[in-house]
Amino acid sequence: MKYSTTQFVIIRKSSTCMSRFEKPLSEYESYSDALESAHYTGKNLVPYQCKKCGKYHLKPQEFYCEKLQTVCSCRSHEGNLKDSYKSYDDAQKMANIRAINGVNLNVYKCPEGNGYHLTSHY
């Protein structure tokens with residue numbers, strides 16, 4: 001449990017969501033709890049709602065890319081719905097992050113007008 005001057009923020013470790021180092025992520029019940037914890041750490045962290053568990057986690061600003069909640073019908077070569085990024089810069093940031101792990105991706109504008117997607121083709 002973490003104490004702030006305004007409230008208590010309960011931090012739990014996730015049983016389903018892991019970091020890239022296979023450690024459980026901290027999870028928060030609300031965006032405001034996650035934001036309070038981010039401010040408390042003094043680090044440049046951004047709260048986001050996880051699609052997997054529905055809770056909120058924190059991510060370093062340099063690895064945060066804003067995805068759109070709206071869904072288009074664009075699909076990957078595996079048949080999965082594609083993530084849509086709010087801006088070209090957010091999509092490019094994700095492509096750069098993936099390039100660190102050897103995955104080369106290109107950014108393109110969604111043909112349905114739903115932001116930007118990534119592709120391994122071009």
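The following exchange concerns salt bridges in a predicted model.

Biologist: How many salt bridges does the model contain?

Modeller: Side chains of opposite charge can pair when their charged atoms come close. A pair counts here when a side-chain nitrogen of Lys or Arg lies within 4 Å of a carboxyl oxygen of Asp or Glu. By this rule, the count of salt bridges is five.

Biologist: Which residue meets Arg12 in a salt bridge at 2.7 Å, N to O?

Modeller: Arg12 belongs to strand β3, and its partner lies 17 residues away in the loop between β4 and α1. The separation of 2.7 Å falls within the 4 Å cut-off. The partner is Glu29.

Biologist: Which residues are joined into one network by salt bridges that share partners?

Modeller: Two members, Arg12 and Glu29, meet in a salt bridge. Lys55 also belongs to this network. The network therefore consists of Arg12, Glu29 and Lys55.

Biologist: Is Lys51, which forms a salt bridge with Asp83, buried or exposed?

Modeller: The closest N and O atoms of Lys51 and Asp83 are 3.4 Å apart. Lys51 lies in the loop between β5 and β6, and its relative accessibility is 64%. Exposed means over 50%, so Lys51 counts as exposed.

Biologist: How many residues apart are Glu66 and Lys86?

Modeller: The side chains of Glu66 and Lys86 meet in a salt bridge at 3.8 Å, N to O. Glu66 is partly exposed, with a relative accessible area of 31%, and Lys86 is partly exposed at 49%. Both lie in the loop between β6 and α2, and their separation along the chain is 20 residues.

Note on methods: Residues numbered from 1 in each chain as written. Predicted model: local features only at pLDDT ≥ 70, side-chain atom pairs only at ≥ 80, totals over all residues. Heavy atoms only, no water. Helix = DSSP H or I, 4+ residues; strand = E, 2+ residues; numbered from the N terminus. Buried < 20%, exposed > 50% of the residue type's maximum accessible area, 1.4 Å probe, protein only.
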